[in-house]
Amino acid sequence: MTTTTTNVTDLYPTRGATEVATPRQDPVVWGSPDTPGPVSQGDLQALDRDGFLAIDQLIGPDEVEVYQRELERLTTDPAIREDERSIVEPQSKEIRSVFEVHRISEVFAKLVRDERVVGRARQILGSDVYVHQSRINVKPGFGASGFYWHSDFETWHAEDGLSNMRTISVSIALTENYDTNGGLMIMPGSHKTFLGCAGATPKDNYKKSLQMQDAGIPSDEALTKMASEYGVKLFTGKAGSATWFDCNCMHGSGDNITPFPRSNVFIVFNSVENTAVEPFSAPIRRPDFIGARDFTPVR
Ligand code: 6CS
Ligand code: FE
């Protein structure tokens, strides 16, 4: 194990000369079984086993419309397009993602504070939580590109300085996620092994990685072994459905060549007991609109 400048032990080495697997050393569900909250004991056990929890309807159809209108407003606002927090599609130059959407939009800020959302995050992580990252992914269709296989924690550890796996993401569908328009795919159970990737992090990596990730990509051999062992689950659901998934799930999504957008809002809750230190394997920090440095708990 190596220590970083802040003398924090690096439990999960990555982006060295070779790819290296490390067994997970953190719980998946941190809250104690009798912690009250919206997630049932059965669902907590499933989350621990699989690394994800799918919910058919987290928000109702009438609410979804409010968020769909807000997504439309944001992605057609010229000021947002000019904002550095907007990432465009490499080909079409359409907006691909808008980061820090919980700070830009009061509508999405309200969703973050909703007990159905933050209440689940607190229960799973067993503590107060803050937003490490939020984004809307538009995936507009007609060739919008996907996200290659990766573990989010691998990036958040290497580039944002999250020490432990005490971070949970929720992807809330704002349009219908069919089995054809580039839905989220997760390898069930893959969250129990940390795959440290080979290859150092280039400076300003985020400027490229948010369009097409390079550093932090597993090898074909590792992906073949994992997919053979765990399988691949595709998540579909109506607008308003949600997928909670552990920070270390191996996941990705395909291109969307249908005319039907696959838009979601993606919120990453991190425990206030796991606040970001210095990057474990990157020359500099990423901007705080990608990896938050304000650890104020969500209230
Ligand atoms: O680098 C990140 O933080 C982002 N990249 C991906 C592909 N998923 C997680 C996160 O939004
Ligand atoms: Fe991801």
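Here are legends for a few close-ups of this predicted model.

**View 1. The iron site.** His150 (NE2), Asp152 (OD) and His251 (NE2) are the protein donors of the iron ion (ligand 2), at 2.1 to 2.3 Å. Donors here are N, O and S atoms within 2.8 Å of the metal (3.2 Å for Na, K and Ca), and water is not among the atoms, so sites may look incomplete. Along the chain, the donors are spaced H-x1-D-x98-H. Histidine 150 is in strand S6 (residues 147–151) and histidine 251 in strand S12 (residues 250–253), so the two tie together parts 101 residues apart in sequence. Strands are DSSP runs (E, at least two residues), numbered from the N terminus. Both histidine 150 and histidine 251 are buried, meaning under 20% relative accessible area, with exposed over 50% and partly exposed in between (1.4 Å probe, protein chains only).

**View 2. Tyrosine 130 meets phenylalanine 295.** This aromatic pair is tilted, with 5.0 Å centre to centre and 55° between the planes. Rings of Phe, Tyr and Trp (its six-membered ring) pair if their centres lie within 6.5 Å; planes under 30 degrees apart are stacked, over 60 edge-to-face, and the rest tilted. Tyrosine 130 is buried at 0% relative accessibility, while phenylalanine 295 is partly exposed at 27%.

**View 3. A charge over a ring.** Arginine 96 puts its charged end over the ring of phenylalanine 147, 4.1 Å from the centre. The criterion is NZ of Lys or CZ of Arg within 6 Å of the ring centre and within 35 degrees of the ring normal.

**Notes.** Residues are numbered from 1 along each chain as its sequence is written, and chains are lettered from A and ligands numbered from 1 in the order written. Local features need pLDDT of at least 70, side-chain atom pairs count only at pLDDT 80 or more, totals for chains, interfaces and linings use all residues, and side-chain values use heavy atoms, leaving out hydrogens and water.

How values were computed. Helix = DSSP H or I, 4+ residues; strand = E, 2+ residues; numbered from the N terminus.
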